[in-house]
Amino acid sequence: MKKQSLIIDCDPGVDDALGLFLAFGSPGLELLAVTTVGGNVPGDITARNARIMRQLAGREDVPVHAGADRPLVREPVAAAEFHGEGGIGDMTPFEPRVGNAPGPAAQAIVDLVMARPAGSVALAIMGPMTNLALAMRLEPKLAAHLGPVSVMGGARSEGGNITASAEFNIYADPDAAAEVFASDCDITVFGLDVTHQVRVSEDRIVAIEVLGGESARTAGELLRFSQRVEREIVGWDAGPLHDPCTVAWLLDRDLFGLKPCRIEVETVSDLTRGHTAVEFRVDAATARHHWAVSVDAGGVFARINASLERLP
Ligand code: BDR
Ligand code: CA
């Protein structure tokens with residue numbers, strides 16, 4: 001079977017790191033690059049964290065391009081309380097052997113996508129959507145040339161996780177998200193409505209801890225950190241795992257139930273900043289947006305575990 005070409009745009013971040021491991025260990029993916037954005041923690045740290053995970057996974061063949069370290073127009077917001085000051089829980093960070101690849105993320109996205117056939121390169125976005133918005137400004141034909149864009153962001157029936165109305169990634173850069181949703185991109189969105197169904201239960205953590213290998217050991221440590229902060233801050237016994245959904249869907253479309261829709265993002269009101277208005281009254285045949293409504297959470301974890309088993 002032909003491999004799916006993929007770029008991952010992320011802000012590691014504990015759950016981003018799990019998403020990276022899922023992709024690094026998936027033989028069905030041709031991972032062209034990882035691009036990073038300021039989000040959970042500042043941009044220089046997210047790039048370093050992506051390179052740490054890449055090194056642990058033995059995937060230094062995949063370039064990491066650092067990208068936007070601030071939103072298009074707003075002041076940066078971070079989520080260090082959920083990811084640790086260094087973005088990777090209580091792991092001791094280190095400077096990886098290989099640095100960032102030359103050139104900013106937005107340019108790398110344009111170059112990698114436009115050099116390949118239309119529709120062939122997928123983009124999984126796990127953080128604020130600043131890099132894709134900047135890339136579309138650099139190359140107006142990019143949106144129509146991109147393959148599937150799978151996004152972790154937004155909330156509908158679940159309500160927000162940073163405000164009553166908004167999910168963190170969209171809240172952090174609502175102006176970028178609004179530009180991307182208004183473009184020709186073919187976007188599938190994994191918002192809190194499904195990621196809150198993907199729970200990091202005790203048995204799922206143990207199943208990862210017993211796999212062996214540095215990548216699985218790191219993934220287990222990150223999930224233990226997450227378990228602790230979700231208990232302390234939100235009061236959840238088993239917190240949600242968000243970002244790996246974007247990659248899991250690209251690997252297996254049957255893991256999620258989707259509904260065609262049109263999504264718009266609130267950019268004017270401060271009260272509802274970053275709210276995703278998800279309109280299901282659309283023509284299903286022409287809808288460019290799809291909203292995930294159900295998930296086989298066990299299947300997502302099975303994919304993560306299979307990847308971790310393949311990695312060092
Ligand atoms: C999203 O926000 C970040 O903190 C996580 O990494 C995830 O991408 C969940 O709302
Ligand atoms: Ca993220």
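**View 1. Contacts of Val113 in the predicted model.** Leaving aside neighbours within four places in sequence, Val113 is in contact (heavy atoms within 4.5 Å) with Ile7, Val121, Leu142, His145 and Leu146. Val113 belongs to helix H4, residues 105-114, where helices (H or I, at least four residues) and strands (E, at least two) are DSSP runs numbered from the N terminus. With a relative accessible area of 1%, Val113 is buried, a term that means under 20% relative accessible area with a 1.4 Å probe and protein chains only. This is a predicted model in which local features need pLDDT of at least 70 and side-chain atom pairs count only at pLDDT 80 or more, while totals for chains, interfaces and linings use all residues. Residues are numbered from 1 along each chain as its sequence is written, chains are lettered from A and ligands numbered from 1 in the order in which they are written, and side-chain values use heavy atoms, with hydrogens and water left out.

**View 2. Coordination of the calcium ion (ligand 2).** The calcium ion (ligand 2) is coordinated at 2.3 to 2.6 Å by OD atoms of Asp11, Asp16 (listed twice) and Asp243 and by the O atom of Met126; donors are N, O and S atoms within 2.8 Å of the metal (3.2 Å for Na, K and Ca), and sites may look incomplete because water is not among the atoms. Met126, in the loop between strand S4 (121-125) and helix H5 (130-138), and Asp243, in the loop between helix H11 (214-234) and helix H12 (244-251), are 117 residues apart, and both are buried.

**View 3. Surroundings of Thr246 in helix H12.** Thr246 is buried at 0% relative accessibility, and a polar atom of its side chain lies 2.8 Å from the backbone oxygen of Asp243. Not counting residues up to four places away in sequence, Thr246 touches residues including Met126, Ser150, Val151 and Phe190.

How values were computed: Buried < 20%, exposed > 50% of the residue type's maximum accessible area, 1.4 Å probe, protein only. Polar contact = N/O pair within 3.5 Å; in protein donor to acceptor, adjacent residues only side chain to side chain.
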